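Here is a colleague's note on the interior of this model, to be read alongside the sequence and the coordinates.

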Amino acid sequence: MKQSFAAGAMAGAQRLGRSLMLPIAVLPIAGLLLRVGQPDMLAIPFVAAAGEAIFANLGLLFALGVAVGFARENHGAAGLAGAVGFLVATQGAGALIAPPAELAAGWSEATRAFELAAYKEQALSKMSVPIGILSGVVAGLLYNRYADIRLPDYLAFFGGRRFVPIASGFVGLGLAFVFGFGWAHLERAMDAFSLWIVDLGGLGLFLYGAINRVLIVTGLHHILNNVAWFIVGDYEGATGDLRRFFAGDPEAGAFMSGFFPVMMFGLPAACLAMYHAARPERRKAVGGMLLSMALTSFLTGVTEPIEFAFMFLAPLLYAAHALLTGLSMALMDALGAKLGFGFSAGLFDYILNYRAATRPWLLLPVGAAYFALYYAVFRACIAWFDLKTPGREAADEAPLTRAPRAVEAGESAMGERGSAFVVALGGADNLLSVDACTTRLRLTLADQDAVDRAALARLGAKGVVSPGGPALQVVLGPVADQVAAEMRAALPARTGERPRASARAAPSVAAPEIDDDMRGLAKAVLDALGGAGNVTDAEEGAGRLCVRLADAGRIDEAALRRCGARALARPSPASVQLLRMAAPARLAAAMKEALGQAGAARRASP
């Protein structure tokens, strides 16, 4: 039970981390518009206002993005439900919020209405991101649970997906009550947490930087980043290091500055060290790959392709990288350098936000020192411990450093790349869900052992991570989202309750033969599904046994696995799919026969 709970908690955290990336993806355009429109750049007020509008509505964007990320098949109806929940919660909380008595006592009668409105506006600004994330999680979970709900005929219009925003609105009322009446306590807790982080000074920044890199392995660093960038600290109603930086807070940037020396100088130096340490005959083959990864890190701040190149080969070397990242965070803060970014710590953000930063020129000497330090550490460790970094593996172990030629051909090859990944991951039946974040595929599998990791490496995977349970992550770099879309296009269509039959199927198929062994298996499966009375239909589709149920809570998953089911998928609360069952068409026919007999017996009974 404890292991199952831990696996469920890890899966939930993984999904949250992935979902947070969707709203964060809009920040580069927000930062670009806001900076370009400032008086110290092009001085175009309406462009600056357009960028500020995105930052001012981050809570709503989180509600939409997280809801879609959590929802089955990333359905947009969940985004609408998230927006409804957010609006109900924030506006309801705004009506309930009351200022502290000691603060209100200082207001004059002439300015009381203005002061009260300003207090509520600032409070709503501080609570918008937490409410947005909570609203998104709730909406996504409600969609997965109630998207297929059936209501009585006189309420049928409000059934299905239309029910989800309604339910989300009622949950939003609960959030409004909690945040409205409890805001004074919540605000004190948030301020105390922010002050505690700030009081830790360099030690806190060191721990943040080191832990951030450690969490890269599981993808949970996005959650840590969201706390630092969008919650910690307050400047004129803007909360979080990133939001405060773009709001003009001269003290903001502590949780971003230290990434610049590592991402722009340190990790590119690690790539150079791996290139020089490669076997002479392999340098040409790996040089292009290492140069591409180094430029990606230097220009955009996307580092995972580099980190996964040595993360599992040399854990101690990765530990040194994590510690050096923490040291960089503390060092830049001690030097008084305050830099910020809208996307990540790369050259593009450095140039764009140079004039908004404090002492940005310090990045150059610190970066040069980090370049030399990373190069020396990586070159020495690779030589001393004979690490098999790219270019040093045996010839028969060397992965492809280029995508297959067919994949590079253009638009016509996109389906081939998606299909190749599907095959390498164990086939369509092994993929229960396919999603992606910035740099990695985030998958749910029926059978981890069916994955061909060597084939994934040949397709360009930089690393494969198994966080626990059925989850699997494949690190690809910035193309991850494109590959996920191609994989979904290559999978057999799965709609509603069961996969859609192939369009090429024959118009009529002879009824499958049913023997006594199959009838015995059908009886065992029906018993595991809660009995014949709990099963309303059973069909085969795309190699799966698709079953509709009266009550999904009566399923005995252990018994189903003993019957041969390798995995279970739940496309809706009223259905279940059994994967990799032997002869699913014959089994479905045998179950239909048993259901018919059970129905006849019930009708014949007095």
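The points below deal with the core, the cysteines and the cavities.

1. The model is predicted, so that local features need pLDDT of at least 70 and side-chain atom pairs count only at pLDDT 80 or more, while totals for chains, interfaces and linings use all residues. Residues are numbered from 1 along each chain as its sequence is written, and side-chain values use heavy atoms, with hydrogens and water left out.

2. The largest nonpolar core (buried Ala, Val, Leu, Ile, Met, Phe, Trp, Tyr and Cys residues joined through side-chain atoms within 4.5 Å) has 79 residues, and Phe62, Trp229, Phe230, Phe255 and Tyr374 touch the most other members. Its largest share, 13 residues, comes from helix 12 (residues 259–277), helices being DSSP runs of H or I with at least four residues, numbered from the N terminus.

3. Leaving aside residues up to four places away in sequence, Phe230 touches Ile24, Leu58, Phe62 and Val129, among others, where contact means heavy atoms within 4.5 Å.

4. The count of disulfides is zero, a disulfide being a pair of cysteine sulfur atoms within 2.5 Å. Cys271 counts as buried because its relative accessibility is 3%, the limit being under 20% relative accessible area with a 1.4 Å probe and protein chains only; Cys563, at 18%, also counts as buried.

5. The largest cavity (a set of points on a 1 Å grid over the protein atoms alone where a 1.4 Å probe fits but cannot get out, with lining residues having an atom within 4 Å of a point) is lined by 21 residues, and His221, His222, Gly301, Phe343 and Ser344 lie nearest its centre. Helix 9 gives the most to this lining, with four residues.

Definitions and conventions: Buried < 20%, exposed > 50% of the residue type's maximum accessible area, 1.4 Å probe, protein only. Helix = DSSP H or I, 4+ residues; strand = E, 2+ residues; numbered from the N terminus. 1 Å grid on protein atoms, 1.4 Å probe; cavity = no way out; pocket = protein on both sides within 12 Å on 5 of 7 lines; lining within 4 Å.
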